[in-house]
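The following exercises are intended for a reader who is meeting this structure for the first time. Each task is followed by a solution that proceeds step by step.

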Amino acid sequence: MSGKHLIENPTKADGAALWRIARDSKKLDLNTPYAYLLWCHDFADTSVVAKVDGTPVGFVIGYRKQDTGFVWQVAVDASQRGKGLAGALLDELFGRLIAQGVRYLETTITPDNEASIRLFASFAKRWDTTVERQDLFSAADFPAEEGTHEQEDLYRIGPLSSR
């Protein structure tokens, strides 16, 4: 793949590819393929996908709650990492959402996920705003039957305004 990134809202045709990108990341909590189809269908307005030559290579999926856009997952195909794509996807999505009244970005991050912490800190810096972190889910909150899961901290970024 050598073309330029095209960033657009996902469609259900992108669902399987988004699932594969998340699976291949080996870092993200993997949802069912059905969940990615639903995200692409029901949450397309609060999600973006990057494509090269028509093939999805990265995505941000999220949803909106009042004046806050919640980022559920960010993933970039290994072939596209290190090119600033994740940040570009966040900037594109929140540029759109701000026009619709969104003033904050929220996401959860495990304490050992330094790449995600850097990504969202960089987003806050580019948007000239602050990041607040608080405990949200402890490891004990997750079902023991699923194995161990690290705590998830809530990151709240904002207020956001048009740049």
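**Exercise 1. Locate Lys-26 in the chain and determine whether it is buried or exposed.**

Solution. The model is a predicted one.

Step 1. Lys-26 sits in the loop that links helix 1 to helix 2.

Step 2. Its backbone deserves attention: Lys-26 is not a glycine, although its phi is positive, at about 60°. This residue comes after helix 1.

Step 3. A residue is called exposed when its relative accessible area is over 50%. For Lys-26 the value is 72%, so Lys-26 is exposed.

**Exercise 2. Describe Asp-128 in the manner just used for Lys-26: where does it lie, and is it buried or exposed?**

Solution.

Step 1. Asp-128 belongs to the loop between helix 4 and strand 6, the latter covering residues 130–137.

Step 2. Phi of Asp-128 is again positive in a residue other than glycine, with a value near 50°.

Step 3. The relative accessible area of Asp-128 is 71%, and Asp-128 is therefore exposed.

**Exercise 3. State how many helices and strands the protein chain has, and give their order.**

Solution.

Step 1. The protein chain contains four helices and seven strands.

Step 2. Along the sequence, these elements follow the pattern β-α-α-β-β-β-α-β-α-β-β.

**Exercise 4. Decide whether the radius of gyration of the protein chain agrees with that of a compact globule.**

Solution.

Step 1. For 163 residues, a compact globule would have a radius of gyration near 15 Å.

Step 2. The protein chain has 15 Å, so the two values agree.

Step 3. Two further values complete the description. Along the principal axes, the C-alpha atoms fill a box of roughly 45 × 40 × 30 Å. Of the contacts between residues at least 6 apart in sequence, 66% join residues at least 24 apart.

**Exercise 5. Characterise the burial, the surface and the charges of the protein chain.**

Solution.

Step 1. Of the 163 residues, 44% count as buried.

Step 2. The exposed area is about 8900 Å², and carbon and sulfur atoms supply 51% of it.

Step 3. There are 19 positive and 23 negative charges, and their mean positions are 7 Å apart.

**Exercise 6. Identify the largest nonpolar core and the elements that build it.**

Solution.

Step 1. In soluble globular proteins, nonpolar side chains tend to be buried together.

Step 2. In this chain the largest nonpolar core has 27 residues, and those with the most contacts inside it are Leu-90, Phe-94, Leu-105 and Phe-120.

Step 3. At least two residues of this core come from each of strand 2 (48–52), strand 3 (55–65), strand 4 (68–76), helix 3 (85–98), strand 5 (104–109), helix 4 (114–126) and strand 7 (152–158). Helix 3 gives the most, with eight residues.

Step 4. Phe-120 serves as an example of the packing. Leaving aside neighbours within four places in sequence, Phe-120 is in contact with Val-71, Val-74, Leu-90, Leu-105, Thr-107, Ile-109, Val-131 and Ile-157.

Step 5. Another core, of 12 residues, lies apart from this one; Trp-19, Ala-22, Phe-59 and Ile-61 are among them.

**Exercise 7. Determine which residues of helix 1 are buried and what covers them.**

Solution.

Step 1. Helix 1 comprises residues 15–25, of which Gly-15, Ala-17, Leu-18, Trp-19, Ile-21, Ala-22 and Ser-25 are buried.

Step 2. Their cover includes helix 2 (33–42), strand 2, strand 3 and strand 4.

**Exercise 8. Give the surroundings of Glu-8 and of Thr-108.**

Solution.

Step 1. Glu-8 is part of strand 1, residues 6–8. With a relative accessible area of 26%, Glu-8 is partly exposed.

Step 2. Beyond its neighbours within four places in sequence, Glu-8 is in contact with Ser-47, Val-48, Val-49, Lys-51 and Arg-96.

Step 3. Thr-108 is part of strand 5, and at 24% relative accessibility Thr-108 counts as partly exposed.

Step 4. Not counting residues up to four places away in sequence, Thr-108 touches Phe-70, Leu-136, Glu-152, Asp-153 and Leu-154.

**Exercise 9. Find where Pro-159 lies and how far Glu-8 is from it.**

Solution.

Step 1. Pro-159 occurs in the segment after strand 7. The peptide bond leading from Gly-158 to Pro-159 is cis, with omega near 5°.

Step 2. Glu-8 and Pro-159 are 151 residues apart in sequence, and their C-alpha atoms are 24 Å apart in space.

Terms used: Residues are numbered from 1 along each chain as its sequence is written. This is a predicted model: local features need pLDDT of at least 70, side-chain atom pairs count only at pLDDT 80 or more; totals for chains, interfaces and linings use all residues. Side-chain values use heavy atoms; hydrogens and water are left out. The radius of gyration is taken over C-alpha atoms; the globule rule is 2.2 Å times the number of residues to the power 0.38. Buried means under 20% relative accessible area, exposed over 50%, partly exposed in between (1.4 Å probe, protein chains only). Contact means heavy atoms within 4.5 Å. Accessible areas come from the Shrake-Rupley method with a 1.4 Å probe; for residues, only the protein chains shown count as cover. Lys and Arg count as positive and Asp and Glu as negative; His and the chain ends are not counted. The place of a charge is taken as NZ of Lys, CZ of Arg, CG of Asp or CD of Glu. A nonpolar core is a set of buried Ala, Val, Leu, Ile, Met, Phe, Trp, Tyr and Cys residues joined through side-chain atoms within 4.5 Å.
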